[in-house]
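Here's a quick briefing to read with the model open in your viewer. It covers a loop residue or two and a couple of helix pairs.

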Amino acid sequence: MLEIIKNGNGYAIAENGVTYAAIVAAEGATDSFEKLEDGAWRWHRHTDAPTDNMRMEIVLLGEATFTMVPAVSYNGNGWGKTPEYVGDRADDGTPWSWASHRVTIPSCTYSENCEISIALMAEPNSNSACSLYKVEEGEKHVLIFPEEEKPKTLHRHFWGEPFQGTMEPTCDFEGVIYASVSDGSKHRYKGLLDFAWRYYGHAIKPPFSAKELYRLSIAYARYLLQKEKDGFIGFTSGAQWLPKLNGYQKSEHGYELGWVGQNASFATAFINDYIENGDKENLEIGLGVLDGWLTKGVVNNRFINAHKRYNTEPNPLLDLPFETMTKEDLDPWEFPESLLEGIICRRLGKPRPATPAKPLPPGSDACNLGTGAEGYFEAYDLLKKIGIDRPEYLEWALKTCDFALESQDENGCFAKNWDYEGNVRSKKGTIGCFLILPLINASKRTGDGKYLDAAKRAFDFYYEELEREGYTTAGALDTYSIDKESASPLLRDSLALYEATGDKKYVEYSEKIAWYLCTWMMHFTVDYPEDCLIAKLNYDTFGATSVSTPHNALDQYALRDVLSFIKLYEITGNIQWRERALAFWCNACQGISDGTLYINGRLRPAGSQDEAIFHTRWGRHTVPPFTPSQWLASWPCAFRLENLRWLKDWSFFDEGLQHIEGALR
């Protein structure tokens, strides 16, 4: 059993006389350790005289085989091309340091080698930061007081100034240590996450009943519904604030089958609403949307286009001299906030792109194709129940699967996206796994083993990447990086393969994917000043998930994982999967407007919700840190409706997380 022993001037983590990690002593300070459970200790440091700064350090001896700062850095990042924290230090040689609240476990750093795993953490809201970097002896974990972020801070696509906090002098500092002996596997953070859940987690209640959430979600979907001159109807991708209107403006004339727009999912929800509640108008809307994508959204007969755009007016942006402009040249009164931020990030300092003689359709991607096909499969089945036959829905879902087979590489990989002719635009990324679920579905419906064989080969390819590298990639279409969004479909795929084959290896794989997803999950509540917009929203960070290594913000994407975690609980009996599912749900249902929510001088439409919360020192050019995003995206609403129609017993959603089994305090 691991223990902390006295070792020269300091202490060490050892087993049977073998030292695996050194706890570095500080001059003029006395260290003591309180055992919390096997492998976990509360570390107390008392100084002889009050001080206004402290570094508590542990060194994993020998070279680390894997390092992690949960939701911030996975083995030093570097996959993709979006600005992020790469390596263990900046270009000037200064080790990175991160504020406690940027990490999903407070100030947590983790490293492992073939012998042991080590993690160092803080108490929540303890005015701390962390750092993790290589030294001659091994991998150094540092818990820093007071809070700092150096030598610069990451924001959305740009770098901000360093931050240095202050504190009143004190003699007492605390940290938390977790250590476990290797079982021979890689990426052994499961024990850390289990401990952190029981140590930092707490009960949480849903802010609305499931019945009220359903009503509000249908209401916001209807708000987003638009009709074009040619008869096409669809759900736009959300609403953003336009200063000159002094109100929210829907994104105009642009639609998406999956991803942000979620038209296939919304349409299926409206068909289901007719079945459950008898609203015939919602049936007509659902059919109209799905029919429209097939009659007006197909460019290539091999797949459904991911996007549909109606440009009714010339784009004034094309006339702006971006290469010579600064953000001060843009009038914020004239642009919706999210559009303004996109212009600043993507266009300023770059030449104006040439306008093609004839604009080409944008093509499609694995995310939109996969979720779109699943939507058409589901809609076909629902309609069959009420005597409506739409064979074209089944036909086009299967066409998507045939396109997947046709485009699959020998090693099982799918591309990330294709142009309107079906030529590959971008290859890499776990995002290809979005196509696996419809392939499994196609196999069940047709009895043709080619679909299941392709699904298994693809899953093996993407899962082996997670096993090898310790992360998944490129699920968010606007960020090419390590992320959590790409692991959600992989978890669904694994559970579906278990159901289709009965092979228990997929249960083991599902748990591995789920633990990776949990590294992105906030295990604690961050306290904010009363005048902060997040505080005014009464937002609790506990249960939220961070987006990606470049996007250190929290969003509601874990709504996609609620039922997967419930299924894992049903299969394995591990109560923590159910507890985490409840926390996902309760967290992701915060900040939804009931039609009276007035925040930041703005009245929000009923059912609307921020896409993200900037809970840490990470922001946009138009929205600062520690605020809601102000972008009222449609996709959280669609994902919420999926949960509410796929799980018929709504008592689960109403009960909340009442307690955590094995809680340590």
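Where is Arg390 found? Arg390 sits in the loop between α6 (366-385) and α7 (391-407). Keep in mind that this is a predicted model, and let's start from that loop and work outwards.

**Arg390 and its surroundings**
- The side chain of Arg390 makes a polar contact of 3.2 Å with the side chain of Asp291.
- Setting aside residues up to four places away in sequence, Arg390 touches Leu287, Asp291, Tyr380 and Leu383.
- Two of those names, Leu287 and Leu383, come back in the next group: Leu287 is in α4 and Leu383 is in α6, and both belong to the contact of these helices.

**α4 against α6**
- Helix α4 (residues 280-296) and α6 have axes that come within 12 Å and cross at roughly 135 degrees.
- That angle makes α4 oblique to α6, because it falls outside the 65 to 115 range for roughly perpendicular and isn't over 145, where roughly antiparallel begins.
- The crossing of α4 past α6 is left-handed.
- On the α4 side you'll find Leu283, Leu287, Leu290, Trp293 and Leu294, and they meet Tyr376, Ala379 and Leu383 of α6.
- Sorted by class, the contact of α4 with α6 has 8 nonpolar residues, no polar and no charged ones.

**α10 against α13**
- Helix α10 (residues 487-501) packs on helix α13 (residues 562-572) at an angle of about 40 degrees, and their axes are 10 Å apart.
- So α10 counts as oblique to α13, since only angles under 35 degrees count as roughly parallel.
- As with the previous pair, handedness is worth a look: α10 passes α13 in a left-handed crossing.
- From α10, the contact takes in Leu491, Arg492, Leu495 and Tyr498, while α13 brings Ser564, Phe565, Lys567, Leu568 and Ile571.
- The class split for α10 with α13 is 6 nonpolar, 1 polar and 2 charged residues.

**Ala122, in another loop**
- Ala122 has its place in the loop between β11 (116-121) and β12 (129-135).
- Is Ala122 buried or exposed? Its relative accessibility is 0%, so Ala122 counts as buried, the cut-off being under 20%.
- Leaving out neighbours within four places in sequence, Ala122 is in contact with Pro106, Ser107, Ser128, Leu143 and Tyr200.
- Glu174 is 52 residues from Ala122 in sequence, yet their C-alpha atoms are 6.9 Å apart in space.

Key. Residues are numbered from 1 along each chain as its sequence is written. This is a predicted model: local features need pLDDT of at least 70, side-chain atom pairs count only at pLDDT 80 or more; totals for chains, interfaces and linings use all residues. Side-chain values use heavy atoms; hydrogens and water are left out. Axes are lines fitted to C-alpha atoms, for helices over the stretch in contact, and angles run from 0 to 180 degrees between N-to-C directions. Helices (H or I, at least four residues) and strands (E, at least two) are DSSP runs, numbered from the N terminus. A crossing is left-handed if the near helix is turned anticlockwise from the far one by less than a right angle, and right-handed if clockwise. Contact means heavy atoms within 4.5 Å. Ala, Val, Leu, Ile, Met, Phe, Trp, Tyr, Cys and Pro count as nonpolar, Asp, Glu, Lys and Arg as charged, and the others, Gly among them, as polar. A polar contact is a pair of N or O atoms within 3.5 Å; within protein, one must be able to donate a hydrogen and the other to accept it, and residues adjacent in sequence count only if both atoms are side-chain atoms. Buried means under 20% relative accessible area, exposed over 50%, partly exposed in between (1.4 Å probe, protein chains only).
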